[in-house]
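Open the model in your viewer and show the whole chain as a cartoon. The stops below say what to select next and what is there.

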Amino acid sequence: MSEAVEGTTADEGFEEFEEFYARTYPWLAARAVMLSGNRQNAEDAVQEAFIEAMRRWPTVRACASPEGWVATTMRRKLSRDGRRWWFRWKPTELTVSAATGATVEETAEALAALRALGMLPPRQRQVVVMHSLEGMSYAEIGAALGISAGSVGSNLHKARARLSLLLDVSPELGRPGDSLVPGVRTDPLSTALRGAAEWLLDGLRGRR
């Protein structure tokens, strides 16, 4: 990296980026897998986002949330690529790393949730992950995906209805105040998705 971060040498800036990468890669890769439904596409999008972050590290480092900057770049990459194969979409079976510390029951539940996500059309999958796991508002999701808030709501409703049938859980949304994490619902469906996200994250951490 040729540019030095203010107050650091170029080598120190690179070491800082390496630490950031090691700390945040598993989480971003897990989220990308759930957003894309395709492990290879997910890993490509995350790597591209980190390469862009490395090139702009002095600016990214100064952001309120460097992780958020990389996550946004990753989503844009997935959205751009998704438009290329949108009409060729078909349900997929994800191959993912198992969480070494998970019980048999936790693994079964996580795989069921991931398989159910793979049955959703791309837009529905993106919307439900961004809303249920990231706590993003309709307006934020719409801005990120380039669609209207009404389209976000329609896709979210369809996604939740389909997932509820596939996972045999209630589609009812929990009250906002029920969650310890602002903006994140505590209904059974969101709980199942968060469990799958944690299981996937543990597996990706174990791979590195």
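Followed along its sequence, the protein reads α-α-α-α-α-α-α-α-α. The model is a predicted one. It holds nine helices and zero strands.

**Whole chain.** Keep everything selected and switch on the surface. About 11,000 Å² is exposed, and carbon and sulfur atoms supply 52% of that area. Of the 208 residues in the protein, 43% are buried. Among contacts with a separation of 6 or more, 70% are between residues 24 or more positions apart.

**The core.** Next, select Met34, Phe50, Met74, Leu117, Val128, Leu163 and Leu200. In the largest nonpolar core, which has 51 residues, these seven touch the most other members. Now colour helix α1, residues 10-36. This helix gives the most to the core, with 11 residues.

Stay with Met34 and show its surroundings. Which residues is Met34 in contact with, leaving aside its neighbours within four places in sequence? They are Leu114, Leu117, Arg125, Val129, Leu133, Leu193, Ala196, Ala197 and Leu200.

**Helices α6 and α8.** Select residues 122-132 for α6 and residues 149-167 for α8. Their axes are 8 Å apart and the helices pack at an angle of about 90°, which means α6 is roughly perpendicular to α8. To see the contact, show side chains on both helices. From α6, take Arg123, Gln124, Val127, Val128, His131 and Ser132. From α8, take Val152, Asn155, Leu156, Lys158, Ala159, Arg160 and Leu163. By class, the contact of α6 with α8 comprises six nonpolar, four polar and three charged residues. Val128 and Leu163, both in this contact, are also among the core residues selected earlier.

**Helices α7 and α8.** Keep α8 and add α7, residues 138-145. The two axes come within 8 Å and cross at roughly 100°, so α7 is roughly perpendicular to α8. On the α7 side the contact is made by Tyr138, Ile141 and Gly142. On the α8 side it is made by Ala149, Val152, Gly153 and Leu156. The contact of α7 with α8 has five nonpolar and two polar residues, and no charged ones.

**Gly153.** For the last stop, select Gly153, which lies in helix α8. Is Gly153 buried or exposed? Its relative accessible area is 18%, so Gly153 counts as buried, the cut-off being under 20%. Finally, draw a distance from the C-alpha atom of Gly153 to that of Gln124: the two are separated by 9.9 Å, though they are 29 residues apart along the chain.

How values were computed. Residues numbered from 1 in each chain as written. Predicted model: local features only at pLDDT ≥ 70, side-chain atom pairs only at ≥ 80, totals over all residues. Heavy atoms only, no water. Axes fitted to C-alpha atoms, helices over the stretch in contact; angles between N-to-C directions. Helix = DSSP H or I, 4+ residues; strand = E, 2+ residues; numbered from the N terminus. Parallel < 35°, antiparallel > 145°, perpendicular 65-115°, else oblique. Contact = heavy atoms within 4.5 Å. Nonpolar A, V, L, I, M, F, W, Y, C, P; charged D, E, K, R; others polar. Core = buried A, V, L, I, M, F, W, Y, C linked by side-chain atoms within 4.5 Å. Buried < 20%, exposed > 50% of the residue type's maximum accessible area, 1.4 Å probe, protein only. Areas by Shrake-Rupley, 256 points an atom, 1.4 Å probe, with all protein chains shown as cover.
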